[in-house]
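Colleague: Hi, could you walk me through this protein before I head back to the bench?
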Amino acid sequence: MSVGEPWRDLASDYENARQRPDSLDRILEWPMQQEVIGDPQGLRILDLGCGSGAKAVHWARHGAAEVVGVDITGQFVPDPPDNVRLISGDLSDPDAIDEIRGRVYDRILFLQSLSYAKDQVHTLRSARGLLAPQGRIIVQRSHPVRFAVERAEVNGTSLGEEYYSTDPYQYASRWNANVTLTRKTQTIADMLNAFAAAGLHVERAIEPQLTPENQNRYPHKQEWLNRHLGVVLFVLRAI
Ligand SMILES: C[S@@+](CC[C@H](N)C(=O)[O-])C[C@H]1O[C@@H](n2cnc3c(N)ncnc32)[C@H](O)[C@@H]1O
């Protein structure tokens with residue numbers, strides 16, 4: 001089974017969870033994603049692992065010139081605007097997708113999706129070749145400490161042992177406990193080395209935090225973040 005395969009069963013559960021008022025996507029990730037993407041006016045955006053495409057539609061409605069979303073599940077929002085294309089496909093080799101090959105983009109996004117690439121360096125290199133001058137690749141990933149904490153709790157081991165473990169990590173999805181996800185976890189050094197090997201420079205790295213208002217409103221989410229740290233975003237440009 002490919003690493004993206006379980007998503008065919010998970011797509012609707014993820015989308016339902018994402019839309020809850022207290023979802024981390026809504027209160028932590030989306031605000032930071034919007035900040036790093038900047039004003040979408042006139043931008044050509046490629047969203048790899050775009051989920052339902054709801055974010056693509058948002059950018060198009062806020063002035064983006066063109067948005068292309070790719071997702072393995074092909075379970076997309078109905079009737080997107082004319083300047084949004086939602087494509088069922090594998091993000092591993094973006095340059096091999098007919099609708100994308102030969103075009104360039106101002107923002108290329110991997111929002112919680114790069115870990116599903118068959119070979120991350122190859123995928124990042126392929127994306128780099130699709131960047132417009134001054135374009136940026138934005139990668140958001142689960143903080144690697146999150147998986148180390150979870151594995152240490154389950155296995156009764158230590159944070160260090162699990163942070164540096166190279167064994168694949170299998171865990172029940174937070175969105176549907178009947179679906180098992182498997183991933184090779186990475187350290188921060190692994191992530192930075194993949195960017196360097198793909199010819200990308202880290203312009204900015206961000207570990208977003210809840211606003212004080214959201215900390216008060218959603219203390220259970222702050223409690224989760226206090227243990228698991230959340231996500232890390234990288235803004236990358238071609239060297
Ligand atoms: C955690 S969700 C993130 C969705 C979206 N980027 C967001 O921020 O809401 C991960 C997405 O990656 C997609 N995915 C997993 N493997 C993939 C692959 N090989 N190619 C394209 N998409 C994939 C899943 O179907 C899912 O929609």
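Modeller: Happy to; here is a quick tour, from the overall fold to a few strands. Keep in mind that this is a predicted model.

Colleague: Got it. What does the secondary structure come to?
Modeller: The protein has 9 helices and 9 strands.

Colleague: And why call it as compact as a globular protein of that length?
Modeller: Its radius of gyration is 17 Å, and the globule rule gives 18 Å for 239 residues; the two are close, so the protein is as compact as a globular protein of that length. Along the principal axes, the C-alpha atoms fill a box of roughly 50 × 40 × 35 Å.

Colleague: How much of the protein is buried?
Modeller: Buried residues are 34% of the 239.

Colleague: What about contacts between residues 24 or more positions apart?
Modeller: Those account for 65% of the contacts with a separation of 6 or more.

Colleague: Let's switch to the strands. Is S2 mostly covered or uncovered?
Modeller: Mostly covered: strand S2 spans residues 66-71, and 5 of its 6 residues are buried.

Colleague: Which way does strand S1 run relative to S2, parallel or antiparallel?
Modeller: S1, residues 44-48, runs parallel to S2, with 5 bridges joining them. In that pairing, Ile45 stands opposite Val67 in S2.

Colleague: Which helix makes a β-α-β unit with those two?
Modeller: That is helix H3, residues 54-61; S1, H3 and S2 form a right-handed β-α-β unit.

Colleague: And how does S2 pair with S3?
Modeller: S2 and strand S3, residues 84-88, are parallel too, over 5 bridges. Here Val68 sits opposite Arg85 in S3.

Conventions: Residues numbered from 1 in each chain as written. Predicted model: local features only at pLDDT ≥ 70, side-chain atom pairs only at ≥ 80, totals over all residues. Helix = DSSP H or I, 4+ residues; strand = E, 2+ residues; numbered from the N terminus. Rg over C-alpha atoms; globule rule 2.2 N^0.38 Å. Buried ≥ 20, exposed ≤ 12 C-beta atoms within 10 Å, placed from the backbone. Contact = placed C-beta atoms within 7 Å. Pairing = 2+ DSSP bridges. Right-handed = clockwise from strand over helix to strand, strands pointing away.
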